[in-house]
Amino acid sequence: MPKTGELSALCDECGGSTRIPTTVWCPECQLNLRNLTQITELIKEANEVQVPVGDNVKEPLLDQVARRVGALAMASERRFRSLTEVQQNLIIDARHLDIVLFSDGRVEEWILDTVKLRSIGYRLHREGGMRLMQDVHARVSVHNREVARSVDMWWDKIGDWQS
């Protein structure tokens, strides 16, 4: 076993990997291993999942969904200006979006973000009703009211949602 760098041991049963830190060696002589209790603790510490702190703290799920909804809405808004008049009419038509969403065919690139946005709206409604949709919408609105207005339009007629 090397005394520098880190060693990983693979389990023959599950294939899992366990890190073995170099600190298992005696810090004074570097020739002998520490006692079993210390080795166990050092290996446990080396394999613990580190919880990020500061800016890397995992954001709550509703905030993640709101961020995704906002990004899709902004992408749809940007794309809208470059669409033909026919495409613009289709992309704001809830019935057309639902036909595209629930069909088995390939979704064209120009409407994909909007269909994804509508799909998230349906999923939120299915999992938590209007209340969950409103919670996510409120979080989008905190960051960008204009984007939230677009979400209103693209979630029109999902459950009782009306733009």
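This passage describes the fold, the helix packing and a few selected residues of a predicted model.

The protein chain contains six helices and two strands. Along the sequence, these elements are arranged as β-β-α-α-α-α-α-α, with both strands preceding the helices. The chain has 163 residues, of which 30% count as buried. Its accessible surface amounts to about 11,200 Å², and carbon and sulfur atoms contribute 52% of that area. Among the contacts with a separation of 6 or more, 47% are between residues 24 or more positions apart.

Two helix pairs are worth following in the structure shown above. The axes of helix 4 and helix 5 are 10 Å apart, and the two helices pack at an angle of about 90°. Angles of 65 to 115 degrees count as roughly perpendicular, so helix 4 is roughly perpendicular to helix 5. On the side of helix 4, the contact is built from Ala 94, His 96, Leu 97, Asp 98, Val 100, Leu 101 and Phe 102. Helix 5 meets these residues with Ile 111, Thr 114, Val 115, Arg 118, Ser 119 and Tyr 122. Sorted by class, the contact of helix 4 with helix 5 comprises eight nonpolar, three polar and two charged residues.

The second pair brings together helix 2, which spans residues 61-80, and helix 6, which spans residues 145-154. Here the packing angle is about 85° and the axes are 9 Å apart. Helix 2 and helix 6 are therefore also roughly perpendicular to each other. Helix 2 supplies Val 69, Gly 70, Ala 73, Met 74, Ser 76 and Glu 77 to the contact, while helix 6 supplies Glu 146, Val 147, Ser 150, Val 151 and Trp 154. The residues in the contact of helix 2 with helix 6 divide into six nonpolar, three polar and two charged.

Aromatic side chains add further detail to this picture. The structure holds two aromatic pairs. In one of them, the ring centres of Phe 102 and Tyr 122 are 5.3 Å apart and the planes meet at 70°; planes over 60 degrees apart count as edge-to-face, so this pair is edge-to-face. Phe 102 belongs to helix 4 (residues 94-102) and Tyr 122 to helix 5 (residues 109-143), so the pair ties together parts that are 20 residues apart in sequence. Both residues also take part in the contact between helix 4 and helix 5. Phe 102 is exposed, with a relative accessible area of 56%, whereas Tyr 122 is partly exposed, at 22%.

The other pair consists of Trp 155 and Trp 161. Their rings are likewise edge-to-face, with 5.4 Å from centre to centre and 80° between the planes. Trp 155 counts as buried at 0% relative accessibility, and Trp 161 counts as buried at 6%.

Two neighbouring positions in helix 5 link that helix to other parts of the chain. Thr 114 is located in helix 5 and is buried, with a relative accessible area of 1%. Beyond its neighbours within four places in sequence, Thr 114 is in contact with Ser 76, Ile 91, Leu 97 and Trp 154. Of these partners, Leu 97 is part of the helix 4 side of the contact with helix 5, while Ser 76 and Trp 154 both appear in the contact of helix 2 with helix 6. Thr 114 and Val 151 are separated by 37 residues in sequence, with their C-alpha atoms 9.3 Å apart in space.

Asp 113 also has its place in helix 5. Its relative accessibility is 15%; under 20% counts as buried, so Asp 113 falls in the buried class. Apart from neighbours within four places in sequence, the contacts of Asp 113 are with Leu 72, Ala 75, Ser 76 and Arg 79. Ser 76 is thus in contact with Asp 113 as well as with Thr 114. Asp 113 and Glu 77 are 36 residues apart in sequence, and the distance between their C-alpha atoms is 9.7 Å.

A backbone detail completes the description. Lys 157 is not a glycine, yet it has a positive phi of about 70°. Lys 157 lies in the segment after helix 6 and is exposed, with a relative accessible area of 54%.

Notes:
Residues are numbered from 1 along each chain as its sequence is written. Side-chain values use heavy atoms; hydrogens and water are left out. Rings of Phe, Tyr and Trp (its six-membered ring) pair if their centres lie within 6.5 Å; planes under 30 degrees apart count as stacked, over 60 as edge-to-face and the rest as tilted. Helices (H or I, at least four residues) and strands (E, at least two) are DSSP runs, numbered from the N terminus. Buried means under 20% relative accessible area, exposed over 50%, partly exposed in between (1.4 Å probe, protein chains only). Contact means heavy atoms within 4.5 Å. Accessible areas come from the Shrake-Rupley method with a 1.4 Å probe; for residues, only the protein chains shown count as cover. Axes are lines fitted to C-alpha atoms, for helices over the stretch in contact, and angles run from 0 to 180 degrees between N-to-C directions. Angles under 35 degrees count as roughly parallel, over 145 as roughly antiparallel, 65 to 115 as roughly perpendicular and the rest as oblique. Ala, Val, Leu, Ile, Met, Phe, Trp, Tyr, Cys and Pro count as nonpolar, Asp, Glu, Lys and Arg as charged, and the others, Gly among them, as polar.
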